[in-house]
Amino acid sequence: MTRALPITGATRLAAVIGDPARHSLSPAIHNAAFDALGLDSVFLAFDVPRGQAPAALEAVRTFGLVGLSVTMPHKADVAAAVDELDDTASALEAVNCVVPVGGRLIGTNTDGEGFVRGLQHDAGIDPGGRRCVVLGAGGAARAIVLALARTGAESVTIVNRTAASAEVAAQLGAPVARVGVPADIARADLVVNATSVGMGAGAGDLPCDPDLFGPDQIVVDIIYNPFETALLRSARKRGALAFNGLSMLVFQAAVAFERWTDHPAPVPAMLTAVQDQLAAEPSVDLAAEP
Ligand code: NAP
């Protein structure tokens with residue numbers, strides 16, 4: 001993509017930090033958004049070693065950044081170092097987006113809202129009143145559990161390999177969330193795979209027994225590389241509507257963009273940019289995303 005505006009002394013900077021961050025898709029997504037709206041900002045990725053997040057936050061202040069995305073392993077460190085956390089980041093104890101407001105740095109977490117908006121975009125539904133099962137209890141799963149509970153899901157059942165983490169996730173979604181077992185999948189309206197099973201080199205792996213899926217179910221695998229996981233294929237074969245994690249990725253960025261700029265995010269341009277980038281670099285390292 002070519003930038004429409006020249007870079008001048010007035011051009012502002014937004015960025016993502018991670019370790020690593022160099023394979024991040026965020027620059028493609030956010031630069032497309034700035035360009036689509038004619039905003040004079042650029043977005044870069046910075047590899048910041050573990051432990052250096054507070055120094056990166058100082059740079060946000062010094063350089064007057066428009067906004068900062070945060071990816072692994074800095075999300076908890078940034079949560080501890082910003083001036084203020086919103087309700088979501090405070091509950092999750094993890095920040096993936098820093099919003100500078102009047103000299104203060106506000107930490108938020110856009111993954112859960114990104115998931116819900118992605119679901120509306122792909123499947124045309126809201127989680128409200130639905131029985132949901134979330135596979136996994138890591139950072140992404142916790143953000144999704146919280147968002148599903150907040151948007152009025154009838155129930156949110158967490159199925160995870162490690163019981164203690166599932167309990168932590170269930171507490172976040174109280175009172176509608178609880179720890180469940182794989183058989184709960186068969187009774188769900190919406191099933192979300194938020195484990196890393198099926199990602200990258202483990203592309204053929206399944207996080208659950210696919211025979212638990214059936215018609216009338218919506219299945220979202222938040223992985224997007226590969227574009228179509230074994231889970232999505234098996235769910236479709238059994239009649240479910242199935243979607244990958246591309247929309248969650250784009251909408252978590254869209255929410256961040258809107259917080260930084262006060263402009264509605266140009267989602268079609270952002271989606272096209274990430275699709276083009278994935279097509280050009282199919283082996284991109286997904287662990288590097290916010
Ligand atoms: P994480 O915090 O490391 O959590 C990983 C989860 O996967 C844990 O629940 C873990 O279970 C489970 N898991 C890992 N290996 C497993 C195995 N062999 N069998 C069963 N369960 C296993 O990672 P995360 O940040 O939440 O990310 C999870 C996935 O979501 C990744 O694939 C990531 O790329 C994707 N993601 C996508 C988006 C998006 O925008 N689409 C955003 C964030 C993350 P235990 O608790 O038992 O270890």
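How many nonpolar, polar and charged residues are in the shell around the ligand? I started my notebook with that one. By class I get 11 nonpolar, 9 polar and 1 charged. Note to self: this is a predicted model.

**Entry: who sits around the ligand**

I looked up the residues around the ligand and found 21 of them. The ones that come nearest are Ala140, Asn160, Arg161, Thr162 and Ile222.

Next I checked the polar contacts, one residue at a time. For threonine 162, a polar side-chain atom lies 2.5 Å from an oxygen atom of the ligand. For arginine 161, an N or O atom in the side chain is 2.8 Å from a ligand oxygen. Alanine 137 uses its backbone instead: an N or O atom there lies 2.9 Å from an oxygen atom of the ligand.

How much of the ligand does the protein cover? On its own, the ligand has 920 Å² of accessible area, and the protein covers 74% of that.

**Entry: the pocket**

Then I asked where the ligand sits. The space it takes is the largest pocket. I wrote down which elements give two or more residues to the shell around the ligand: α6 (139–150) and α9 (246–261).

The volume of the largest pocket comes out at about 1,100 Å³. I count 40 lining residues for this pocket, and Gly138, Gly139, Ala140, Ala194 and Ile222 are the closest to its centre. Ala140 and Ile222 also turned up among the residues nearest the ligand.

Which element gives the largest share of the pocket lining? That is α6, with 4 residues. At least two residues each come from α3 (75–81), α6 and α9. By class, I have 24 nonpolar, 10 polar and 6 charged residues in this lining.

**Entry: the cavity**

I also went looking for cavities. I found 1 of 30 Å³ or more, and the largest cavity holds about 60 Å³ of space.

Its lining is a list I could copy in full: Gly114, Phe115, Gly118, Leu119, Asp122, Val220, Phe243, Asn244, Gly245, Ser247 and Met248. The elements that give two or more residues to this lining are α5 (111–123) and α9. From α5 comes the largest share, 5 residues. Sorted by class, the cavity lining has 5 nonpolar, 5 polar and 1 charged residues.

**Last jotting**

One helix kept coming back in my notes. α9 supplies at least two residues of the pocket lining, and α9 also gives two or more to the lining of the largest cavity.

How values were computed:
Residues are numbered from 1 along each chain as its sequence is written. This is a predicted model: local features need pLDDT of at least 70, side-chain atom pairs count only at pLDDT 80 or more; totals for chains, interfaces and linings use all residues. Side-chain values use heavy atoms; hydrogens and water are left out. A residue is near a molecule or strand if one of its heavy atoms lies within 4 Å of it. A polar contact is a pair of N or O atoms within 3.5 Å; within protein, one must be able to donate a hydrogen and the other to accept it, and residues adjacent in sequence count only if both atoms are side-chain atoms. Accessible areas come from the Shrake-Rupley method with a 1.4 Å probe; for residues, only the protein chains shown count as cover. On a 1 Å grid over the protein atoms alone, a cavity is a set of points where a 1.4 Å probe fits but cannot get out, and a pocket is an open set with protein on both sides within 12 Å along at least five of seven lines; lining residues have an atom within 4 Å of a point. A molecule sits in a cavity or pocket if more than half of its atoms lie within 2 Å of its grid points. Ala, Val, Leu, Ile, Met, Phe, Trp, Tyr, Cys and Pro count as nonpolar, Asp, Glu, Lys and Arg as charged, and the others, Gly among them, as polar. Grid points are joined across faces, edges and corners, and a volume is the space filled by probe spheres set on the points.
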